[in-house]
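Open the model in your viewer and keep the sequence panel beside it. The stops below go one selection at a time.

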Amino acid sequence: YDLVVIGAGAAGSEAAAAAAAVGARVALVEANLLGGNRLNVGCVPSKALIRAAQLAHAARSCCSGARALADCGISVRGEVEVDFSKVMERVRGVRTEISRG
């Protein structure tokens with residue numbers, strides 16, 4: 001190999017791709033998941049979870065006597081429920097979409 005890159009986070013992936021683009025033989029070594037902490041356990045999954053919480057809070061707040069939704073022609077019948085398995089499915093989907101570039 002011309003270059004061995006240790007760590008396949010954002011910087012490592014970019015370095016490996018740039019070197020390969022100019023013809024270098026590159027080995028990219030990653031102990032865990034490609035994409036690094038940011039993509040897999042850091043801000044990307046955290047922001048997806050926070051967004052789900054914000055939406056649930058907004059729906060519950062608007063439905064507890066405020067007329068904001070009704071004024072816009074929207075009604076919610078019953079309780080606002082959060083399906084955590086679907087939230088996590090979305091988190092994984094967001095990670096997959098970002099990792100594909």
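Contact, on this tour, means heavy atoms within 4.5 Å. Keep that cut-off in mind at each stop. The model is a predicted one.

**Whole chain**

Start with everything shown as a cartoon. Five helices and two strands make up the chain. Read from the N terminus, the order is β-α-β-α-α-α-α. Now colour by accessibility. Of the 101 residues, 18% count as buried. Take the contacts between residues at least 6 apart in sequence: 42% of them join residues at least 24 apart.

**Strands 1 and 2**

Select residues 3-6 and 26-29, which are strand 1 and strand 2. The two strands run parallel, and four bridges join them. Pick out two of the pairs. Leu-3 has Val-26 as its bridge partner in strand 2. Ile-6 has Val-29 as its bridge partner there. Add helix 1 to the selection. Strand 1, helix 1 and strand 2 together form a β-α-β unit, and the unit is right-handed.

**Helix 1**

Isolate residues 10-21, the 12 residues of helix 1. Place a distance label between the end C-alpha atoms. They lie 16 Å apart, which agrees with the 16 Å that the helix should span at 1.5 Å a residue.

Which residues of helix 1 are buried? Show Gly-12, Ala-16 and Ala-19 as spheres: these are the buried ones. Look down the axis. These residues cover an arc of only 70 degrees, so they sit on the same side of helix 1. Bring the strands back. Strand 1 and strand 2 are among what covers these buried residues.

Rotate to the other side of helix 1. Here Ala-10, Ala-11, Glu-14 and Ala-21 are exposed. Then step past the end of the helix to Gly-23. Gly-23 follows helix 1 and has a positive phi, near 95 degrees.

**Ala-19**

Go back into helix 1 and centre on Ala-19. Why is Ala-19 counted as buried? Its relative accessibility is 13%, and buried means under 20%. Next, select its contacts. Beyond its neighbours within four places in sequence, Ala-19 is in contact with Leu-3, Ala-24 and Val-26. Now draw a line from Ala-19 to Asp-2, C-alpha to C-alpha. The two residues are 17 apart in sequence and 8.8 Å apart in space.

**Val-26**

Follow the contact from Ala-19 to Val-26. You are now in strand 2. Val-26 is partly exposed, with a relative accessible area of 23%. Show its surroundings, leaving out neighbours within four places in sequence. Val-26 is in contact with Tyr-1, Leu-3 and Val-5, and also with Ala-16, Ala-19 and Ala-20. Of these, Leu-3 is its bridge partner, while Ala-16 and Ala-19 are buried residues of helix 1. For a distance, pick Ala-15. Its C-alpha lies 9.5 Å from that of Val-26, with the two residues 11 apart in sequence.

**Gly-35**

Move along the chain to Gly-35, in the loop between strand 2 and helix 2. Is Gly-35 buried or partly exposed? Partly exposed, because its relative accessibility is 22%. Select what Gly-35 touches, not counting residues up to four places away in sequence: Ala-8, Gly-9, Ala-10 and Asn-40. One of these, Ala-10, is an exposed residue of helix 1. Now find Ser-99. Gly-35 and Ser-99 are 64 residues apart along the chain, yet their C-alpha atoms are separated by 6.5 Å.

**Asn-40**

From Gly-35, take the contact to Asn-40. Asn-40 belongs to helix 2, residues 36-40. With 12% relative accessibility, Asn-40 counts as buried. Show its side chain as sticks. Where does the side chain of Asn-40 reach? To the backbone oxygen of Leu-34, at 3.1 Å. Finish by selecting its contacts, again without neighbours within four places in sequence. Asn-40 is in contact with Leu-33, Leu-34, Gly-35, Pro-45 and Arg-95.

Note on methods
Residues are numbered from 1 along each chain as its sequence is written. This is a predicted model: local features need pLDDT of at least 70, side-chain atom pairs count only at pLDDT 80 or more; totals for chains, interfaces and linings use all residues. Side-chain values use heavy atoms; hydrogens and water are left out. Buried means under 20% relative accessible area, exposed over 50%, partly exposed in between (1.4 Å probe, protein chains only). A polar contact is a pair of N or O atoms within 3.5 Å; within protein, one must be able to donate a hydrogen and the other to accept it, and residues adjacent in sequence count only if both atoms are side-chain atoms. The expected span of a helix is 1.5 Å times one less than its number of residues. The arc is that of the directions from the helix axis to the C-beta atoms. Two strands pair if DSSP finds at least two bridges between them. A crossover is right-handed if, with the strands pointing away from the viewer, the path from the first strand over the helix to the second runs clockwise.
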